[in-house]
Amino acid sequence: MRILLALLIAVTATTAQADGIYKWVDENGVVHFGEQPPGGAQVDVIKKPKSERYKKWEAEQEAAKPRKPSKPPAAKQPEKQLDVRQQEQEKAAQMQAALRAKRCESARKSLSSLTTHSRIRAVDQNGNYRSLGEDERQQRISTAQQRIRDNC
């Protein structure tokens, strides 16, 4: 009787070892372990079974994985570098254009206030306000017009 019981336990233990153990996380974030993989979930295999059914499932999973594109030949590497350089140049050009637009807007506002108002106050080096004379006002108008020509 003991021999039969030991033989039955040994057979049960070997069949249990033949099954695989799978780990997956459901949509609620709960981790599950089981002998059967669920359909459609990302599954980690803790212990691989030796059955044909598992081999078929594993082949299906490999076929379903997206393939990474192969590396381009060495001849195409310089093209990537050119693209990066072109993007950097375009970005620098856009930054220059934005800076010029700000300068243009500033010069136009300055010209507008210089031509609209007859009395212009300016802050000197000591932080005191002083009125601009007509000659200095005309000089600032011509400077603003030059900035507009350069940046607009």
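Start with the whole chain in cartoon view: its secondary structure comes to four helices and five strands. Keep in mind as you go that this is a predicted model. Trace the cartoon along the sequence and you will meet the elements in the pattern α-β-β-β-α-α-β-β-α. If you colour by accessibility, 13% of the 152 residues count as buried. For contacts with a separation of 6 or more, 35% come from residues 24 or more positions apart.

**Stop 1: the strands S1, S2 and S3**

Select residues 21-25, which form strand S1, and show the side chains. They alternate along the strand: Tyr22 and Trp24 point to one face and are buried. Ile21, Lys23 and Val25 point to the other face and are not buried.

Now add residues 31-34, strand S2, which pairs with S1 in the antiparallel sense over four bridges. S1 and S2 form a hairpin with five residues between the strands. Click on glycine 29 in this hairpin, where phi is positive, near 85°.

Next, bring in strand S3, residues 43-47. S3 and S1 also pair in the antiparallel sense, over four bridges. Which residues should you look for across from tyrosine 22 in S3 and S2? In S3, tyrosine 22 stands opposite valine 45, and in S2 its bridge partner is glycine 34.

**Stop 2: the largest pocket**

Keep S3 on screen and add helix H2, residues 52-64. Both elements supply at least two residues each to the lining of the largest pocket. The volume of this pocket is about 240 Å³.

To find its centre, select Gln42, Val43, Trp57, Gln61 and Lys65, which lie nearest to it among the 12 lining residues. Which element gives the largest share of the lining? That is H2, with six residues. By residue type, the lining divides into six nonpolar, two polar and four charged residues.

**Stop 3: the disulfide**

Select cysteine 104 and cysteine 152 and show them as sticks. A disulfide joins cysteine 104 to cysteine 152, with an S to S distance of 1.6 Å. The structure holds one disulfide. Cysteine 104 lies in helix H3 (residues 77-116) and cysteine 152 in the segment after helix H4 (134-151), so the pair ties together parts that are 48 residues apart in sequence.

Rotate the view to look at the S-S bond. The torsion about it is about 110°, so the disulfide is right-handed.

Switch on the surface here: is each cysteine buried or exposed, or somewhere in between? Cysteine 104 has a relative accessibility of 10%, so it counts as buried, because the cut-off for buried is under 20%. Cysteine 152, at 41%, counts as partly exposed.

**Stop 4: arginine 137**

For the last stop, select arginine 137, whose place is in helix H4. Is this arginine buried or exposed? Its relative accessible area is 11%, so arginine 137 is buried.

Then show what surrounds this side chain's residue. Leaving out residues up to four places away in sequence, arginine 137 touches Leu114, Thr115, His117, Ser118 and Ile120. Select these residues together with arginine 137 to see the contacts in one view.

Note on methods
Residues numbered from 1 in each chain as written. Predicted model: local features only at pLDDT ≥ 70, side-chain atom pairs only at ≥ 80, totals over all residues. Heavy atoms only, no water. Disulfide = S-S within 2.5 Å. Buried < 20%, exposed > 50% of the residue type's maximum accessible area, 1.4 Å probe, protein only. 1 Å grid on protein atoms, 1.4 Å probe; cavity = no way out; pocket = protein on both sides within 12 Å on 5 of 7 lines; lining within 4 Å. Points joined across faces, edges and corners; volume = space filled by probe spheres on them. Nonpolar A, V, L, I, M, F, W, Y, C, P; charged D, E, K, R; others polar. Pairing = 2+ DSSP bridges. Contact = heavy atoms within 4.5 Å.
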